[in-house]
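User: I am new to this structure. Please walk me through some of the terms used for it.

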Amino acid sequence: MNEVFSKKLIELAEKDLSVREKLASEGKLSNGYHPEMEQIHRQNAERLQEIIGKIGFPTISKVGEKASDAAWLVIQHSIGEPEFMKECYKMMIENKNDINPLNIAYLHDRIQVFQSRPQKYGTQLTEERVPYPVESKRHLNEERLKVNLKPFSQEEIDRIPEIENIPELDTKDAGYTAWRIKVGWIFAP
């Protein structure tokens with residue numbers, strides 16, 4: 001296991017979370033993407049790209065479970081870097097036997113939602129705190145169990161909006177839509 005990179009990855013995640021906590025306590029995280037948070041996410045993504053360039057994707061066997069999870073957190077929060085997130089997802093799939101399956105599920109769903117596509121595992125929520133539309137309500141719990149996620153009750157599944165509601169859900173926040181266009185998640189209509 002590479003102790004140097006393990007320590008660095010954990011430091012990146014801790015910095016992300018401490019800045020997030022500070023901004024949240026100041027009430028600064030609810031109106032768009034805060035510039036300080038965005039800067040941390042971009043810097044962390046750059047550092048992670050450097051690490052990947054040296055050792056490949058930071059799998060559990062290469063850096064330990066905590067550091068591999070930290071790498072996932074950095075990726076999951078690299079929301080202004082669509083291509084980086086997609087490339088990391090591919091690397092995680094290539095190394096799926098050496099990655100926490102939960103991390104793969106969360107990243108898959110986040111990428112899908114940013115692209116206005118249905119998610120597979122129901123990990124990403126709408127403003128109403130219900131899961132964003134899913135590929136298959138009927139098979140949702142099967143998919144969740146495969147990655148060690150707790151199954152939803154039928155009542156929870158029934159509250160999930162239908163795929164046809166994605167355009168309506170996505171137009172509720174014009175700033176969010178404009179940001180996704182700006183960084184490349186979606187294209188202007």
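User: What makes the start of α1 a place with a polar contact?

Analyst: First, the basis: this is a predicted model, where local features need pLDDT of at least 70, side-chain atom pairs count only at pLDDT 80 or more, and totals for chains, interfaces and linings use all residues. Residues are numbered from 1 along each chain as its sequence is written, and side-chain values use heavy atoms, leaving out hydrogens and water. Now the contact. A side-chain oxygen of Asn2 comes within 3.1 Å of the backbone nitrogen of Val4. A polar contact is a pair of N or O atoms within 3.5 Å, one able to donate a hydrogen and the other to accept it; residues adjacent in sequence count only if both atoms are side-chain atoms.

User: Why is α1 called a helix, and what span is expected?

Analyst: A helix is a DSSP run of H or I with at least four residues. α1 covers residues 3–25, which is 23 residues. The expected span is 1.5 Å times one less than the number of residues. α1 reaches 33 Å from first C-alpha to last, close to the 33 Å expected. Gly27 follows α1, with a positive phi near 70°.

User: What makes a group of residues a nonpolar core?

Analyst: Its members are buried Ala, Val, Leu, Ile, Met, Phe, Trp, Tyr and Cys residues, joined through side-chain atoms within 4.5 Å. Buried means under 20% relative accessible area, with a 1.4 Å probe and protein chains only. The largest such core has 33 residues; Leu9, Leu48, Phe57 and Ile75 have the most contacts inside it. α4 gives the largest share, seven residues.

Methods. Helices (H or I, at least four residues) and strands (E, at least two) are DSSP runs, numbered from the N terminus. Buried means under 20% relative accessible area, exposed over 50%, partly exposed in between (1.4 Å probe, protein chains only).
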